[in-house]
Amino acid sequence: MAKVESPQVTRTTTRSYSASNDAIESTKPIEPYKPTLNDLGFRQQPLSFEDLLSCLPGRRTQVLELLRLLGPLNSPMFPILIYGGPSTGKTSVILQVFRHLNRPFVYSSCVTCYSPRILFESILNQLLFHRKNSGNSYSSIKRCEKPSDFVNYLREALESVIKNLKGNSGKLSSKVSGQPNGTMIYLVFDHLERVRKWDKSSTILPFLFNLFDILKMPEVGLIFISNTSPDTYYFNMGYVEPIPLCFPDYTEDDLRQIFMANQTNRKLYSSFLDVVLRPFCRVTRRVDELSAVFSSLFKKYSQPLSDMGVAPNEDMKRRLFSHLQPHIASALNETFLSPSWPLLKDEANRETKKKGSSRMSRIHEDFDKIDFHMSTSAKYLLISAFLASRNPATLDASLFDSTGVSDSRKRKRKPSEKSLEQKEMTELELLMKGPGTFPLERLLAIFQCITSLAEDSLDEEESHELTIEGGSSGLMSDVLLQLSSLCNANFIIKGGSCPLEGSTRYRTAVSEDLALKVARSLKFPLSKYLYRR
């Protein structure tokens with residue numbers, strides 16, 4: 001039989017080709033893919049300007065500003081810091097803009113690159129066209145742990161890439177050859193806020209911002225993407241400050257355009273959004289959170305329908321709304337909170353025990369209910385802020401020990417008359433000043449104490465049951481986002497920074513009655529930790 005030449009396997013079809021031909025014995029082993037200069041581009045058909053704006057609803061202003069900052073082809077640029085809340089389209093805009101411009105870039109996320117060494121080696125691997133595989137024992141092309149070594153390797157790699165870009169720029173057009181446009185190379189650092197949690201963050205962050213001055217290469221552009229504002233990165237190190245570009249939260253109209261994209265039955269989904277979009281936008285505007293809850297709610301919304309392609313009339317919309325209405329409140333309560341599983345289990349057990357309770361207890365519970373939706377972690381954070389504002393900082397050690405339990409047995413000495421007078425004067429001063437201010441560190445410390453107290457009490461009651469590791473990690477996750485939401489809702493007031501400490505201070509704006517209601521909803525003994533005058 002004549003030999004049939006096997007077609008060359010491209011990069012995008014390598015996995016599917018190998019998976020469908022597992023049983024076929026090959027005489028030659030498949031060579032691993034070798035990256036080329038074209039891999040520094042987006043590797044997809046470039047977008048037109050109209051397609052770029054249409055695929056990024058609500059981000060026209062940011063796209064135009066980013067194109068202006070990047071400038072024409074081969075034009076030098078200052079570093080850019082793109083910042084905004086989570087799930088506001090920062091990464092998508094950057095990637096789609098580079099797809100539109102078809103310019104070479106290196107993308108590194110500080111989520112997957114969770115240490116300086118992994119971050120440095122990831123950038124070098126992309127610039128030196130190296131891919132980890134079994135042939136090289138899944139190792140990087142350069143072992144790099146020190147910033148000084150990274151600068152030397154990076155400069156050599158960038159000079160080589162820029163030389164290749166300049167040498168190939170005049171041979172073939174980019175559309176024919178698939179080569180990126182221009183001789184500029186852009187380094188994109190995503191999720192920069194994660195670097196602040198690294199062990200050497202105090203040196204790595206200034207080093208990354210100083211790369212522009214260290215390299216002194218006009219053909220290199222630096223782009224940083226962060227979920228936090230530029231104020232969190234000021235180090236007074238004398239580097240060139242990046243140009244900030246803010247991505248605000250999506251508006252309700254923007255979210256409607258995002259969720260209406262790629263819908264088969266647009267009229268049906270539009271009627272669904274008329275019901276759920278506005279109430280959920282009052283709680284969050286994150287696309288990832290809304291997408292998760294809307295997916296399950298839309299299935300319940302369309303359950304009475306036998307034909308998913310029907311266009312609903314007014315009578316059908318009312319019936320679908322009546323079917324969905326009981327599920328909206330529970331979704332508002334459960335979707336955007338991050339409670340630990342023991343807390344959820346305890347709430348379920350208490351619900352079963354309350355079935356035989358008296359009518360008076362039900363009336364008391366209804367009176368204690370708060371008339372707005374708030375996640376469990378936000379409630380604990382609000383209580384922590386209330387305690388930090390009402391209690392003197394000097395009493396934190398006596399109110400909370402290492403296990404988060406109040407210790408009132410230590411104060412046995414009888415106070416003198418002079419100390420009582422000083423105490424009364426101090427109490428009067430606190431009363432005249434109103435709620436005190438507190439730094440973020442103290443708020444997080446109290447938050448961790450009271451949440452650990454809640455879960456430790458559950459562990460004692462249910463010690464025979466299986467516990468979940470990292471019980472407090474559920475409540476501790478996304479605390480800064482919850483704090484930002486409470487500040488936007490005016491539950492917590494963000495004040496100016498202390499001239500001595502240099503950190504931002506906060507003050508609670510809730511009354512004691514509201515704080516007690518929130519504490520009752522969590523079954524938390526707030527009065528036990530409240531300093532009484």
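**Exercise 1. Find the residue at which helix α10 (residues 266-281) bends, and list its buried residues.**

Solution. Step 1: Helix α10 bends by about 40° at Leu273. The bend at a residue is the angle between axes fitted to the seven residues ending there and the seven starting there. Helices (H or I, at least four residues) and strands (E, at least two) are DSSP runs, numbered from the N terminus.

Step 2: The model is predicted, so local features need pLDDT of at least 70 and side-chain atom pairs count only at pLDDT 80 or more, while totals for chains, interfaces and linings use all residues. Residues are numbered from 1 along each chain as its sequence is written, and side-chain values use heavy atoms, with hydrogens and water left out.

Step 3: Buried means under 20% relative accessible area, exposed over 50%, and partly exposed in between (1.4 Å probe, protein chains only). In α10 the buried residues are Leu268, Tyr269, Ser271, Phe272, Leu273, Val275, Val276, Leu277, Phe280 and Cys281. Leu273 is thus both the site of the bend and one of the buried residues.

**Exercise 2. Describe the surroundings of strand β3 (residues 185-190).**

Solution. Step 1: Strand β3 is mostly covered, with six of its six residues buried. Ile185, Leu187 and Phe189 point one way from the strand, and Tyr186, Val188 and Asp190 point the other way.

Step 2: Two strands pair if DSSP finds at least two bridges between them. Strand β2 (residues 105-109) pairs with β3 in the parallel sense over five bridges, and in this pairing Ser109 stands opposite Asp190.

Step 3: Strand β4 (residues 220-226) also pairs with β3 in the parallel sense, over five bridges. Here Gly221 of β4 is the bridge partner of Tyr186.

Step 4: Together with helix α8 (residues 201-215), strands β3 and β4 make a right-handed β-α-β unit. A crossover is right-handed if, with the strands pointing away from the viewer, the path from the first strand over the helix to the second runs clockwise.

**Exercise 3. Count the salt bridges and place three of them in the structure.**

Solution. Step 1: A salt bridge is a side-chain nitrogen of Lys or Arg within 4 Å of a carboxyl oxygen of Asp or Glu. The count comes to 13.

Step 2: Arg117 forms a salt bridge with Glu121, the closest N and O atoms being 3.0 Å apart. Both residues lie in helix α5 (residues 116-127), four residues apart, about one turn of the helix. An α-helix has 3.6 residues a turn, so residues three or four places apart point the same way. Arg117 is partly exposed at 32% relative accessible area, whereas Glu121 is buried at 7%.

Step 3: Glu314 and Lys317 form a salt bridge with their closest N and O atoms 3.8 Å apart. The two residues are three apart in helix α12 (residues 314-334), about one helical turn. Glu314 is exposed at 51%, and Lys317 is partly exposed at 28%.

Step 4: Glu512 and Arg390 meet in a salt bridge at 3.6 Å, N to O. Glu512 lies in helix α21 (residues 512-521) and Arg390 in helix α15 (residues 376-390), so the pair ties together parts that are 122 residues apart in sequence. Glu512 is partly exposed at 22%, and Arg390 is buried at 18%.

Step 5: Salt bridges that share partners join Arg117, Glu121, Arg143 and Glu145 into one network.

**Exercise 4. Locate Thr112 and Asn125, and give a polar contact of each side chain.**

Solution. Step 1: A polar contact is a pair of N or O atoms within 3.5 Å; within protein, one must be able to donate a hydrogen and the other to accept it, and residues adjacent in sequence count only if both atoms are side-chain atoms.

Step 2: Thr112 is in the loop between β2 and α5 and is exposed at 55% relative accessibility. Its side chain reaches the backbone oxygen of Ser109 at 3.3 Å.

Step 3: Asn125 lies in helix α5 and is buried at 8% relative accessibility. A polar atom of the Asn125 side chain lies 3.1 Å from the backbone nitrogen of Ile141.

**Exercise 5. Count the disulfides and examine Cys110.**

Solution. Step 1: A disulfide is a pair of cysteine sulfur atoms within 2.5 Å. The count comes to zero.

Step 2: For Cys110, the nearest cysteine sulfur is that of Cys113, 6.9 Å away. Cys110 is buried, with a relative accessible area of 2%.
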